[in-house]
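Student: Please take me slowly through one small part of this model and what surrounds it. I am new to this structure, so explain each term as you go.

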Amino acid sequence: MQGKRLVLPIALIINMLLGAAGNAQDRYGAAPQNIKESMDRLVRAYTDKIRGHDNDFLILRNGVKFQISDGRTDKTFEKLLEEPDIDDMFYSRYPLGTEPGQPAINVDPGRVRFEPLFVAMYGDCNKNEVAKNLRTIPWLPKHAGGSIAITAVNGVASALEAVSRELDELPGNLIKYVKPLAGTYNCRKIAGTNLKSMHAYGAAVDINIRYTNYWQWAKGEQEPVWRNQIPIKIVRIFEKHGFIWGGYWYHYDTMHFEYRPELIAQ
Ligand SMILES: [Zn+2]
């Protein structure tokens with residue numbers, strides 16, 4: 001009996017370990033069950049640029065059509081990031097309103113982006129198409145935060161101005177997290193990848209780098225161990241105006257906010 005009692009916990013532990021390893025090899029790419037609802041939200045989030053969708057295509061106002069599904073359901077997590085289709089952007093639900101904490105393996109809501117759609121909306125920075133849409137806005141004027149350039153496409157600059165106005169009213173001890181900003185527009189790839197960062201579209205903001213935690217900087221860890229110093233009050237202000245937070249990602253980037261209202265809208 002003694003032995004039997006020991007067997008069960010050990011089997012459980014082995015199962016848990018196998019489960020964790022198995023997750024890393026999960027296959028991605030199947031459309032989420034609520035895909036029609038997600039597509040409706042995508043259209044509503046970017047009405048300036050997207051006309052609508054049918055079962056198979058997303059239709060832009062300029063006539064361009066993107067296939068919603070590439071039919072693949074066998075992507076590794078790396079392929080999900082590198083070769084997503086439109087439905088893959090919704091593979092993981094953004095946990096709006098929840099207490100932040102260690103996310104499950106590879107749960108990175110918002111980190112999967114169908115690049116041709118974002119290039120079609122914001123332009124290709126390598127062809128000088130993004131910079132011409134940048135608007136300069138004041139940042140925390142009551143705290144002399146200077147000014148920043150952000151895209152005016154999709155109303156992003158106006159949304160960020162609204163964020164700035166609300167942050168400006170926060171108690172003084174919270175201002176250090178959002179001033180100075182670490183950056184907005186930057187025509188670059190995501191570190192270690194060939195993928196365009198949301199900064200390359202002028203639609204992302206990094207807050208004060210001094211208080212950030214970033215999974216790529218945590219050396220020597222086999223898997224990212226979630227850390228965060230950013231007060232949730234700041235996160236909620238950004239979310240209210242359409243920006244998602246990189247602190248909700250398994251591959252966390254806690255200074256990072258990007259304009260992705262399709263993931264926030266209910
Ligand atoms: Zn960033």
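**A close look at Asp124 and the zinc site**

Tutor: Let's begin with a polar contact (N or O atoms within 3.5 Å, one able to donate a hydrogen and the other to accept it; residues adjacent in sequence count only through side-chain atoms on both sides): the Asp124 side chain comes to 2.9 Å from the backbone nitrogen of Asn126. This is a predicted model, where local features need pLDDT of at least 70 and side-chain atom pairs 80 or more, while totals for chains, interfaces and linings use all residues. Residues are numbered from 1 along each chain, and side-chain values use heavy atoms, without hydrogens or water.

Asp124 sits in the loop that runs between α4 (115–122) and β4 (134–138); helices (H or I, at least four residues) and strands (E, at least two) are DSSP runs numbered from the N terminus. Asp124 is buried, at 12% relative accessibility, where buried means under 20% with a 1.4 Å probe, protein chains only. Beyond neighbours within four places in sequence, Asp124 is in contact (heavy atoms within 4.5 Å) with Val119, Glu129, Val130 and Lys196.

Now for the zinc ion. Its protein donors (N, O or S atoms within 2.8 Å; water is absent, so sites may look incomplete) are His199 (NE2), Asp206 (OD) and His256 (ND1), at 2.0 to 2.1 Å. Along the chain, these donors are spaced as H-x6-D-x49-H. Asp206 belongs to strand β6 (residues 204–206) and His256 to strand β8 (residues 256–259), so this pair ties together parts 50 residues apart in sequence. Asp206 is buried at 7% relative accessible area, and His256 is buried at 4%.

Key
Donors = N, O, S within 2.8 Å, 3.2 Å for Na, K, Ca; no water. Buried < 20%, exposed > 50% of the residue type's maximum accessible area, 1.4 Å probe, protein only.
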